[in-house]
Structure formats: C-alpha cells, structure tokens
Amino acid sequence: MNVVRFIQQNHDQVLELTLEHLRLVGFSTLFAMLIGIPLGIVIAHRPGFNKPVLASANIIQTIPSLALFGFLLPVPWLGERADRLAILALTLYALLPIIRNTYTGIRGVDPAVVEAGRGMGLTESQLLFKVELPLAVSVILSGVRVAVVISVGLATIAAAIGAGGLGELIFRGLAMVDDSVILAGAIPAAILALVADFGVGRLERRLLPR
Amino acid sequence: MQPAAASPVIEFRDVSYRVAGTEVLSGFNLQVQSGETLVLLGRSGSGKTTSLKLVNRLLSPTSGEIRVKGVSNGKRDVIRLRRSIGYVIQDVGLFPHFTVERNISLVPRVEGWSEDRVRARVQELLQTVGLVPETASRYPHQLSGGQRQRVGVARALAADPEILLMDEPFSALDPLTRDELQREFLLLQQRLHKTVVFVTHDLREALRLGSRIALMEAGRLVTVLPPREFLRSNDPLAAAYVRAFGDGRESAANRGMS
C-alpha cells in the first residue's frame, strides 16, 4: 500500500509530527485538568455556580475550532507562537467534559456517606480528599478520556495555523490530492486516540470504587 | 434511676429551628442525663432527626442553644465536637472504597493514632459488635445489612466517645436481624454506659431500648416518660401510639374477625 510506503520512507518526519501532536494534546489535557477539576469541585459544592460555569464551557464547545484558532491569532503573546495558541484552544475545548464529569462525579457520591463523614468530624478538605474525590475519580477520568479523544482529533486542525502535529500531513495530502499522505497523518492520529482511550479507560477501571 | 441533681450531658434550651419559613422545631427543651438512652419517638417530619443533628451541629438552631457537657455548641470547635460524639445513621454511610478496618479507624487515624493502637482498637471493636476478625479486610459491599450496621456502630465507637447519636440505626433491617441488634445494643449499653440519643418511629424499639422516651409531634416535645409510664400515659398522642402498636396477636385477631 502507498501509505505504508510513504510512512516507511518518511518515518522520521511522521514520528516527529506524532510527538508534536502528543505534545499539543498532552499539555492541553494537563491544563484542562488543572483548571477543570478544581472548577468542577467548586461548582459541585456551590449549587449557584454550576449553571453559569457549565453553560460557558458549553458555549466554548460550540465555537468551530478553525474559527477559534483564527480569533486567538491576533492575541499578543499567544499569536507569536502557533503551538501556544493551539494548546490554549485545545485546553478550552477539553474543559467541558472534565468540568462536567467532575461535577457529576462528586454530586453522585451517596449523600449518606458524605453526611456520615461530616458527622464523624472530618474537615471539609478531609471529606474532599478522603471521600468525595476517591469515589468520583472514575467518573472524572472518563471525562478526561473524552477530552483526550476530542483533543487528538482537534489537534489535527491546529496544523492550519502552523502549530504542527499530524494535521500537517493531512493538510499537505489535501493540497497534493494524495490520499496516502492524508492517511499517513490520519492513521497515526486515529491510533493515538485509540491508545489514549484504552489507556485512560484501564486506569479508570482500576480506580473504580467498589 | 436518674440522678436528678447531676448536670445533663446534653441540654436543649428553648431551641427552634426554621428552614425556608417552616418551623421544624419550636420551643424545644430537653435534658439528656449521663449514661441514659433517651429515645426520640415520633412520626416522620416530627423533628427527631433535626434535633439529633443539632447536637453534633450538622445543623445550627435558629434560636435557643444546645449545650453539650455544659458548653454551648456555638462556642465550640465543630470538628472537635463531632469527633467527641459517635454518630450512626440509618443508611449507615460506610465508605464504599474503604475496607471495614479503614472505615472504623478513620477518625482515630486522622487523630494521629499509631498504627498498632489503631489495629488493636479495630479488633477490639469488631469483637464488641460481634463480628469476626476477618471482617476487617472486607469491603462494605461484601457484607449483609446487619453486618454493615454493626460496622457503623463500631465506627461510631472508634474514638470512644461519651455520647452516641443514633438515627434509626435498625429501621432498614429485617425483623430478626433488628431484634438481634437491639438485644446486643442493650448488652453493649450495660457495659459501656454511653449517653445515647436514639431516634426511632417504632414504639416497640423505644420501649425496649429507652430509659426515657421523648415523644415528639410537629416539631414540639409532647412528653418525656420512662417506658412503663409511657404505656400508662393519659396523653392522647402517647395513648394513640400504644394503641397503634398494640401487639402482634391483637393484629392477627383483628384480621381473623374481618
């Protein structure tokens, strides 16, 4: 097959672009977790905040990705480097599933368990770290899993603004009208998504509370 | 029976609790003496559970005050207060991700007990509540309802609190298991002499376990009586309770007649 030949001949480049792709996805997921999990925890405890926060994350999700990349381009520090910009945009997209699942996971903890913990004299932070988070962790991780899979796909579009990644091969293939080049970008991207899905899924099951 | 002069362990002083405009509890005065089992008896919504939660400050009164061992609850560190009071609820609320051992030892552990002391205490408590030592390494979902509630009691006793609050702890159990746990509760109480506030809607349970029964209705305290006197009480509500529970044979006879 042509794709196989193309990848064999250009394996250095494909590998490099795959690593770039991973970097975009990895950083954006990390940032989205650093923002989304605490935010999800806060809105789970303060009922008044959950609607505005979830609605905002929802709205971000509806912005077409290409448009979002375009909007962010003129922003001073960000626009200088396409990868920064791509990571920010991907972070924004990854927020919704992470915030929503953190919220759902914590709200889903049996109220009797929380009340027993509080009644026994656990502080609010002990309650969070010893009870709520361990019981919500698999739900939170399934949000992370969704976020990662979305990011792997969206990151291909980041190549349009020059952020690199496997999208570069896809766009090049489109320009050259060469399916094998498109596939050389698309297949590794699909594999990345599957591997990430599988990996986080396993972690999720391992951490499932009994 | 009760030493009249001794200062009460728990005292409600003219307590009201209002939520969203509804009086859940009003003008509530009650004293619980050291070592007694005071049963709060009443139907759903009568304010029993609310009263209990005011003691360990899961709720704060709208007016009035609750004193525990002579000190007003409002002036206490709430975490210290709760750790000095054992709390058992109907749904047990065991931590599903912890083994029985960790469930029981949570408070001792956060209090910084040594590992040896924790382990010894867990074994001692398992024995106290009639569970085999191997139970320690099991998870709540591997236990029966009765075993779970035993663990719940062991957990409440872990840090050896003087006061025990029990919110319908046996209501969700089948009658035979309930009977067994009630019997064991009595034996336990003979040995430990905790000051217990026990919430139930079951008169039979109240008569069996309580040293005094506080009858509640619509957020008010109707009367407080020892079990024997409760049965003879002229209070219309108390009498209605006694009639409603009757005894098993009477119900069977009624059925036969109709």
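In the predicted model, S16(B) lies opposite S63(B), a residue of strand β4 of chain B. This pair belongs to the contact between β1(B) and β4(B), the latter covering residues 63-68, in which the two strands run antiparallel and are joined by five bridges. A further pair of facing residues along these strands is I10(B) and V68(B), the second of which is in β4(B). The side chains of β1(B) and β4(B) also supply a salt bridge, formed by R13(B) and E65(B) with an N to O distance of 3.5 Å. The two partners come from distant parts of the chain, since R13(B) is in strand β1 and E65(B) is in strand β4, 52 residues apart. In general, side chains of opposite charge can pair when their charged atoms come close.

On its other pairing, strand β1 (residues 10-19) of chain B is joined to strand β2 (residues 22-32) of chain B by seven bridges, and these strands are likewise antiparallel. Within this pairing, V15(B) faces F28(B) of β2(B). The connection between β1(B) and β2(B) is a hairpin with two residues between the strands. In the turn of this hairpin, A20(B) has a positive phi of about 50°. Taken together, the strands of chain B form an open sheet of four strands in the order β2-β1-β4-β5, with antiparallel pairing. Strands β2 and β5 (71-72) of chain B are at the edges and have a single partner strand each, so one side of each is left without a neighbour in the sheet.

Chain A is built from other elements. Its secondary structure consists of ten helices and zero strands, and the elements, read from the N terminus, are accordingly a succession of α elements. Along the principal axes, the C-alpha atoms of chain A fill a box of roughly 65 × 40 × 25 Å.

The two chains meet at an interface in which 18 residues of chain A are in contact with 24 residues of chain B. The area buried between chain A and chain B is about 1,800 Å², and carbon and sulfur atoms give 69% of this area. Between the chains there are five residue pairs in polar contact, counting pairs with both residues at pLDDT 80 or more. On the side of chain A that touches chain B, α7 (111-119) and α8 (124-155) of chain A each supply at least two residues. The largest share of this side comes from α7(A), which gives seven residues. By residue class, the side of chain A that touches chain B comprises nine nonpolar, five polar and four charged residues.

One salt bridge is counted between chain A and chain B. It is formed by the side chains of K53(B) and E115(A), with an N to O distance of 3.0 Å. Over all chains, the count comes to 24 salt bridges.

The confidence of the prediction was examined for each chain and for the complex. Chain A has a mean pLDDT of 91, with 99% of its residues at 70 or more. Chain B averages a pLDDT of 91, and 93% of its residues score at least 70. Among the elements of chain A, helix α2 (residues 11-45) has the highest mean pLDDT, at 95, whereas helix α5 (residues 76-80) has the lowest, at 77. Where pLDDT is low, the predicted coordinates should not be read in detail. For the complex, the predictor gives an ipTM of 0.85 and a pTM of 0.85.

Note on methods:
Residues are numbered from 1 along each chain as its sequence is written. Chains are lettered from A and ligands numbered from 1 in the order in which they are written. Side-chain values use heavy atoms; hydrogens and water are left out. Contact means heavy atoms within 4.5 Å. Buried area is the accessible area (1.4 Å probe) that two parts lose on being put together, summed over both. A salt bridge is a side-chain nitrogen of Lys or Arg within 4 Å of a carboxyl oxygen of Asp or Glu. A polar contact is a pair of N or O atoms within 3.5 Å; within protein, one must be able to donate a hydrogen and the other to accept it, and residues adjacent in sequence count only if both atoms are side-chain atoms. Ala, Val, Leu, Ile, Met, Phe, Trp, Tyr, Cys and Pro count as nonpolar, Asp, Glu, Lys and Arg as charged, and the others, Gly among them, as polar. pLDDT is the predictor's confidence in each residue, from 0 to 100. Two strands pair if DSSP finds at least two bridges between them.
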